[in-house]
Amino acid sequence: MSHTSSLIRRVSKQIMVGNVAVGGDAPISVQSMTNTLTTDVDATIAQIKRLEAVGADLVRIAVPTMNAAEAFKEIKKRTSLPLIADIHFDYRIALKVAEYGADCLRINPGNIGNEQRIRSVVDCARHYNIPIRIGVNGGSLEKDIQEKYGEPTAAALVESAMRHVDILQRLNFDEFKVSVKASDVLLAVESYQLLAKEIQQPLHLGITEAGGLRSGSVKSAVGLGMLLAQGIGDTLRVSLAADPVEEIKVGFDILKSLRIRSRGINFIACPTCSRQEFDVIATVNELEKRLEDVLIPIDVSIIGCIVNGPGEALVSDIGITGSKHKSAFYEDGKRQKERFDNDKVIDQLEAKIRARISRTDPKNLILKV
Ligand code: SF4
């Protein structure tokens, strides 16, 4: 029932992060970052598995010390998602984690130090056939760029990114992606727009330090939504001061709302008013929880009364419209003879959704761009 996305995507080079393609015509991947102590191997693995369970494509892990690099080795052995090692400054850690199987290095070549160190990291990435992510952040621009621009501007972020890009290009290394994140939505959007014109490499989108679950999700949805709607972006991370699992869920919700990538249930629900014939809010909240395991994309409309119910049901795979005592049930836009008791809507709807999913060809799980 879904409308498909007609967005025209920016043409970008494709790189591989483990077995996940990023850029080109690959689906826009959703990633998060662990917030456990990396040296706490069991806790980090448990978190990666939770991220995997909600559909994460990629996971980034901070590797601040050599001890963390040793932990990374163990974590890599015991998990299957591609892992991006996040390294700042210490090039020896980059060499170590590459040896230990990192699928991507997040490191800014301009911050590593002298030419020899930069060259050794790039040669190592080439040797292990792994990409690099250059990550520029409005909060940590180089001093001379800060002085030149006075404050973080889009031109400043892009100038910083291009410094790192130029180093890699000079070394004939083009397996990299780039991010230019800022906590200010409009600044981040403008920076990515500028950068998109400068390079062909895939772009990693993010509104950095976006905030807590609600405010950060809204900022990310607005900022990433603006960019994605212009075809910009090849992988994304929603940065929340919250459980990283929420970052993955919000990331997929952003892609889902633009019909870029469908995964799981797309709930359509009315805000409710005194006309509602059953408890719409409780129904949606409970079903969202119960059906988190569903990966197959379907549209489910849950509408409190006939004002908007039949219209939404018409364009949904499954729909319910509240009416006195028993509510009307729709499938594939057609009203069914069966009706739901208004006090048993949650169980009945869950059963219908699960029955439909069990009849759905698993090929539907192939995610569309
Ligand atoms: S669909 Fe009906 S119950 Fe829902 S908000 Fe509109 S009028 Fe109110």
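**View 1. The eight-stranded open sheet and its edges.** In this predicted model, eight strands form an open sheet with parallel pairing, in the order S8-S7-S6-S5-S4-S3-S10-S9; strands are DSSP runs (E, at least two residues) and helices are DSSP runs (H or I, at least four residues), both numbered from the N terminus, and two strands pair if DSSP finds at least two bridges between them. Because strand S8 (176-181) and strand S9 (204-205) stand at the edges with a single partner strand each, one side of each is left without a neighbour in the sheet. The model is a predicted one, in which local features need pLDDT of at least 70 and side-chain atom pairs count only at pLDDT 80 or more, while totals for chains, interfaces and linings use all residues. Residue numbers run from 1 along each chain as its sequence is written.

**View 2. Strands S5 and S6, with helix H6 on the sheet.** Strand S5 (residues 83-86) and strand S6 (residues 104-106) run parallel and are joined by three bridges, and alanine 85 stands opposite leucine 105 in S6. Helix H6 (residues 154-170) packs on the sheet, where it touches strand S7 (132-137) and S8, and its direction makes about 155 degrees with that of S7. Axes are lines fitted to C-alpha atoms, for helices over the stretch in contact, and angles run from 0 to 180 degrees between N-to-C directions; residues are in contact if their C-beta atoms, placed from the backbone, lie within 7 Å.

**View 3. The crossing of helices H8 and H9.** The axes of helix H8 (residues 213-229) and helix H9 (residues 244-257) come within 10 Å and cross at roughly 35 degrees. On the H8 side, Leu213, Ser217, Ser220, Ala221, Leu224 and Gly225 meet Glu246, Val250 and Ile254 in H9. The residues of this contact divide into five nonpolar, three polar and one charged, where Ala, Val, Leu, Ile, Met, Phe, Trp, Tyr, Cys and Pro count as nonpolar, Asp, Glu, Lys and Arg as charged, and the others, Gly among them, as polar.

**View 4. The five-stranded open sheet and its helices.** The order of this open sheet is S11-S12-S13-S14-S15, with mixed pairing, and its edge strands, S11 (265-269) and S15 (334-341), each pair on one side only. Five bridges join strand S14 (residues 326-331) to S15, the two running antiparallel, and glutamate 331 stands opposite lysine 334 in S15. Helix H12 (residues 345-359) packs on the sheet and touches S12, strand S13 (318-321), S14 and S15, with its direction at about 160 degrees to that of S13. Helix H10 (residues 280-290) lies across S11 and strand S12 (298-303), running at about 175 degrees to S11.

**View 5. The surroundings of the ligand.** The ligand is surrounded by residues that include Cys270, Cys273, Arg275, Cys305 and Asn308, a residue being near a molecule if its C-beta atom, placed from the backbone, lies within 6 Å of it. By class, this shell has six nonpolar, four polar and one charged residues.

Definitions and conventions
Contact = placed C-beta atoms within 7 Å.
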